[in-house]
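This report introduces a structure to a reader who has not met it before. Please keep the sequence and the three-dimensional view at hand while reading.

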Amino acid sequence: MKTLNINEGAFIEEIPLLQVEHLEKSFGEHKVLMDVDFKTYKGDVVCIIGSSGSGKSTLLRCMNMLERPSGGCIYHKGQSINGKPSQVAQYRAKVGMVFQQFNLFNNLTVLENCMLGPKRVLKKSRQEAKDLSIKYLDKVGMLPYINAKPHQLSGGQKQRVAIARALAMEPEILLFDEPTSALDPEMVGEVLDVMRKLANEGLTMIIVTHEMAFARDVSSRTVFMDKGIIVEDESPRILFTEPKNERTKEFLSRFLIA
């Protein structure tokens, strides 16, 4: 729970930007998520960590309704997202997603990739979409490459374009699904630097990552998942130095600060 001081001595509870309650997801007989509760507020940078197969990416995909939950509820600003196609489309326009494998259109230029969403989903004019795309390509350092095709770019450059494309939709929340996992080690830093900048600017972000130092240094909250449940949800200072659960301690044993 968060409270806001609206005037001297008066407080109200802040409504989460995104909330899931009792979320479940199964693929056939295999349960991937079990009774997950989660909230994120405006300005939060939440890093979700855990072993492969713990349900991190599935949780993120359910948050964006790319996977339909098997049970539970998702709320955006206190309003239930009940699965109606029109409602889901409106919701997705406000909750951006950056994928592991970039998902750029290879037949389009960098600029055209970024313009597509604002034109088709937000119904922006061509000039408005172009202006938005140029603004965010400049932010991620990819403005010199606006006429390049994806096959002409490095992995790190492709991911920066993918981030700019998501930002061009001007989302309220940006979800990152292991954004550096497909990159060569020397390209990871350039993507993490962009994400650090966005976090410092106050963008609300939920990040599934294996980059423990990044999670420790940048997140306002760190969530540890194991076997389809949230085991711990703490500030990084607490989770990385004083984890309460034995499974968390085992997972973080290489990263614990003395």
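The sections below treat burial, surface charge, salt bridges and backbone angles in turn.

## Basis of the report

The model discussed here is predicted. Every value given below is therefore computed from a predicted model.

## Helix α1 and the loop before it

Helix α1 spans residues 56-63, and 7 of its 8 residues are buried, so the helix is described as mostly covered. The buried residues are Lys56, Ser57, Thr58, Leu59, Leu60, Cys62 and Met63. Just after this helix comes Met65, whose phi is positive, at about 60°.

The loop that leads from β5 (45-49) to α1 holds Gly53. In contrast to the buried residues of α1, Gly53 is exposed, its relative accessibility being 76%. A distance to a remote part of the chain can also be given: the C-alpha atoms of Gly53 and Leu167 are 28 Å apart, with their positions 114 residues apart along the chain.

## Helix α3 and its cover

Helix α3 covers residues 110-120. Its buried residues are Val110, Leu111, Asn113, Cys114, Met115, Gly117 and Pro118. Which helices help to cover them? Among the elements that do so are α4 and α5.

Not every residue of α3 is hidden in this way. Arg120 belongs to the helix, yet Arg120 has a relative accessible area of 60% and is exposed, because the cut-off for exposure is over 50%.

## A positive patch on the surface

Arg120 also takes part in a group of charges. Together with Lys119, Arg126 and Lys130, Arg120 forms a patch of positive charge on the surface. Two helices, α3 (110-120) and α4 (126-139), each contribute at least two residues to this patch.

The loop between α3 and α4 contains Lys123. Lys123 is exposed, at 66% relative accessible area, and has a positive phi of about 60° although this residue is not a glycine.

## A buried glutamine in helix α5

Is Gln159, in helix α5, buried or exposed? Gln159 has a relative accessible area of 0% and is buried, since burial requires a value under 20%. Apart from neighbours within four places in sequence, Gln159 is in contact with Val98, Phe99, Gln100, Phe102, Pro179 and Val191.

One of these contacts, Phe102, has a backbone feature of its own. Phe102 sits in the loop between β8 (95-98) and α3, and shows a positive phi of about 75° despite not being a glycine. At 12% relative accessibility, Phe102 is buried, whereas Lys123, for which a positive phi is also given, is exposed.

## Salt bridges

How many salt bridges does the model contain? The count is 13, and three individual pairs are described here.

The side chains of Arg160 and Glu190 form a salt bridge with an N to O distance of 3.0 Å. This pair connects distant parts of the chain, with Arg160 in helix α5 (residues 155-167) and Glu190 in helix α6 (residues 185-200), 30 residues apart. Arg160 is buried at 13% relative accessibility, while Glu190, at 26%, is partly exposed. A further pair is Arg216 with Asp217, where the closest N and O atoms lie 2.9 Å apart. Here Arg216 is partly exposed at 32% relative accessibility, and Asp217 is exposed at 52%.

Arg247 and Asp226 form another salt bridge, with 3.3 Å from N to O. This pair also links distant parts of the chain: Arg247 lies in helix α9 (residues 246-251) and Asp226 in strand β11 (residues 221-226), 21 residues apart. Arg247 is partly exposed, with a relative accessible area of 22%, and Asp226 is buried at 13%. In addition, Lys25, Arg61 and Glu67 are joined into one network by salt bridges that share partners.

## Points to retain

Helix α3 brings two themes together. The helix has a set of buried residues, with α4 and α5 among the elements that cover them, and α3 and α4 each supply residues to the positive patch. Helix α5 likewise appears in two settings, through the buried Gln159 and through Arg160, which pairs with Glu190 of helix α6.

Conventions:
Residues numbered from 1 in each chain as written. Predicted model: local features only at pLDDT ≥ 70, side-chain atom pairs only at ≥ 80, totals over all residues. Heavy atoms only, no water. Patch = residues over 30% accessible without salt bridge, like charges linked within 9 Å, V, L, I, M, F, W, Y side chains within 5 Å. Areas by Shrake-Rupley, 256 points an atom, 1.4 Å probe, with all protein chains shown as cover. Salt bridge = Lys/Arg side-chain N within 4 Å of Asp/Glu carboxyl O. Lys, Arg positive; Asp, Glu negative; His and termini not counted. Charge placed at Lys NZ, Arg CZ, Asp CG, Glu CD. Helix = DSSP H or I, 4+ residues; strand = E, 2+ residues; numbered from the N terminus. Buried < 20%, exposed > 50% of the residue type's maximum accessible area, 1.4 Å probe, protein only. Contact = heavy atoms within 4.5 Å.
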